[in-house]
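Student: Please take me through one part of this model in detail, with the criteria behind each term. How is it enclosed, and what does it pair with?

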Amino acid sequence: MKRSRLPLLVTIVVLFFLYLPIIILVVNSFNASRFGTGWQGFSMRWYARLLHEPEIWRAARNSLTIALGATVLSVVFGTTAAVALHRFARSRLQRFHYGLVYTPLVVPEILMGISLLMAFAAAGVRLGLGTIFLAHVTFCVSFVAMTVLARLQDFDFAVIEAAQDLGAGWGTTLRKVLLPLIAPGILAGALLAFTLSIDDFVITFFVAGPGSTTLPIRIYSMIKYGSPPLINALSTILLTVTFTAVAASQRISRSKG
Amino acid sequence: MKRRPILALLVLAAAASFVSCGRSRPVLNIYTWAEYFKPDIIRRFERENGCRVVIDTFDSNEAMYAKLKAGASGYDLLTPSSYMVSLMSSQEMLQPLDHGLLPNLIHVDPEYLKIAIDKTMHHSVPYMIVNTGLAYLKSKVADFVPSWSMFDRADLKGRMTLLNDMRETIGAGLKSLGYSLNSTDPHELRQAKEVVLRWRTRIAKFENEQYKTGIASGEFLLVHSYSGDILQVQRENPDVAFAIPREGTAISVDDLVIPKAAGEVRLAHVFISFLHDPRTAAENTVFLSYLCPNKEGYTLLPAELRDNPAVFMSHELRARSEIFADLGAANALYVKIWDEIKSAK
Amino acid sequence: MKADTRKKLQEALVSSPSLLWLGLFFLFPTLLVFVLALRPANPYGGIGQGWTLENLRRLADPSYLEVARRTLEISLVTTVICLLLAVPIGYYLARVSLKWRNLFLMLIIIPFWTNFLIRVFAWKVLLHPEGPIKHILVFLGLVGPQTSLLYNAGAVVLVSVYTFLPFTILPIYAAADKFDFQLLEAARDLGARKFQAFRRIFLPGIRRGLFTAILFVFIPALGSYVIPDIVGGPGGELIGNKIAQRVFVDRNLPLASAISAVLILSVLAPLAAVLFLQRKDERPEIL
């Protein structure tokens, strides 16, 4: 029985589509032109300038730290939420729970940002990296929960009960039975959360405090007065680092057998 | 599952970076536009005063205001535009300045202060002056006339942009009819609306930042723009020219202000005075291609800027140009017109 | 009885982390939005005292209807295109070996760890009137030399699809991964055609993933304002732009809240309806 080639074809075309702007971005980071006047010659000046911009590196570090932390926490909360929503589905608590998880997805970001700021201000909480972290976890939880929930469709908890009947404790059941089964959902959710956090601008803008700039905030304001090619250079560096890390981890996992 | 150890390592690395270095020096928190001070100058200030300067950036006056109004604090110095300053002052968000801590204020250009909103520098000191005007490609735009009516040109249709700024664009409409750009007369405003609606059919889009790239790359032929930006573009593409419309234009000024709840008040004052040391003022002017209104600083500027009519307007043009004032309750009038302009078919 | 209480306890335990977190950091701010919608604005960007229905009255203005219609149209088109692309990809990823699967996933998501604005600007370069794409299209006779690829609804849809695609792919992949593909083989053994099996067995088998994917595209698309701002035309304002304008330019937070409240309610209403209709359902799960 012949398998359709269509899915593979679509995947390849879409990958090409996804990388088109990335190619432009990388090429332009070597463009001597500041305003994109067209190719003005090969130049490493933007990379050289990056060495003298501690503010940008600080912002990048902040973004990364928050993204990692927010991903970990929102994956934990999101997974427990999804498990609860699926396992105890019909109860009144879960229906309220579902509404609570669903709604952050539909609130416009500007309003979420301003209302969070007002809430923090009213509570006297000082703005800073901490408040950004709290805000990010809040909107990521919903995304993770819904993604893991998608994975849980038709999942029968009888498997869990069977394992426990066979004598497995909670820890073992969790580690050896439940988590492996929903791992792809958790991974997808984690990738989603990380992406959302590292690129968030609107909400972060409102809840950031002095000295706690993230990369998106820096970039947005640089677009107005600064040099976009600098950001292209930074992005190229980040991309290179990420690709290397992924390639390395693939190598490691392959050698583990 | 094979991802786990790597994830754990990354989390540990992240946690490690959370450990912050000790804060023994005072910190000056500035909230401003991106790349608004020459980096050398900041470093010089840090060295001379044994402190650290932390710069946070915003991309619009309104965003900064919305954030501060909703309760954000922690900043010692801000650089809003003048009209925003008068708004913030009326909302009691600013501190009066102690002129005793500002010896360099004597260098501030008195000619500028004559048209300033805060003439006595009670709560604000001007930092940079920007003129709005028309930038165009000399080789592509035939018969250029320094007038707002260029936006009516049919041969430039689809290759022009207007600023996506309510005050700037409605202001341009008002100026083209000979009215004040701070007008609150409904009749005048209605006429200005008609003008802008007419211009809207000729432009490619409303654009606030990307006109720079647009004109440099030839995507646009004529753009509504700010002087300093265009001066920077000209260094790369000499075909770009900048002109102030003869009907007069908008002059924007960014001021240095200290918010009421600032921590490092004395240090903020020292910084303000530092910026008006003539040498520093001239350096920042050259860095940004805008104009710091510092009389002694003018003499230190290179000819490229000193003789540039886009930077130093002729007296008659200056007389016909205005600075934006805050409209207060009349803001709603402009909002309605802007809405109608934006949503018309 | 004891088993029942134990189950209730378990439920409370597992639900509590998310309930508490969201209750604390999300519920209050959201309720604030609804409260603000009913307060008057003062012209200096503050919030007045007392209550008013003025903001809701302002929403009846016909210009909002036009903006809403435009937003809905663009969001729907974007969602449909994203789904059409994401489903085959999710299908493919779920069938491929683990090594390739993780590789592809990373390849798909890594471009989105660069900055959003930079990617949008890269599209502006790509769609530039003198750019390579335009030249190719003119060469193929698909567009005239005067047509602009930018500053119209098409550009907004293109860049929106680009932006939201990974958020569509991930949940569909998550759902497809658990799907038992042997069901498809069985169906075909029983005589079903390929597409029939796909439509009748695969799609329902990932219905939660589909629903989530739609959620992750449609809603953000409804509220997006940066994309129409940068690549949209002068007549291309969407609801998100209006909200942004109300907050920043008009300094009218209550009105912005009112628009948002209506937006939120109009999206929540279908969910509430579904939950209500399903309350007597025998099926053990929500959706």
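Tutor: The account below follows one strand and then turns to a helix contact elsewhere. The model is predicted: local features need pLDDT of at least 70 and side-chain atom pairs pLDDT 80 or more, while totals for chains, interfaces and linings use all residues. Residues are numbered from 1 along each chain as its sequence is written, with chains lettered from A and ligands numbered from 1 in the order in which they are written.

The strand is E7 of chain B, residues 222–226 (strands are DSSP runs of at least two residues, helices H or I runs of at least four, numbered from the N terminus). Five of its five residues are buried (20 or more other C-beta atoms, placed from the backbone, within 10 Å of the residue's own). Leu222(B), His224(B) and Tyr226(B) lie on one side of E7(B), and Val223(B) and Ser225(B) on the other, so that both faces are covered.

E7(B) has two pairing partners described here (pairing requires at least two DSSP bridges). With strand E4 of chain B, residues 125–137, E7(B) pairs in the antiparallel sense over five bridges, and there Tyr136(B) stands opposite Leu222(B). With strand E5 of chain B, residues 160–162, the pairing is parallel, over two bridges, and Thr161(B) stands opposite Val223(B).

Elsewhere, helix H5 of chain A (residues 109–122) packs against helix H1 of chain C (residues 2–37) at about 110°, with axes 9 Å apart (lines fitted to C-alpha atoms over the stretch in contact, with angles from 0 to 180 degrees between N-to-C directions).

Key
A residue is buried if 20 or more other C-beta atoms lie within 10 Å of its own, exposed if 12 or fewer, and partly exposed in between; C-beta atoms are placed from the backbone.
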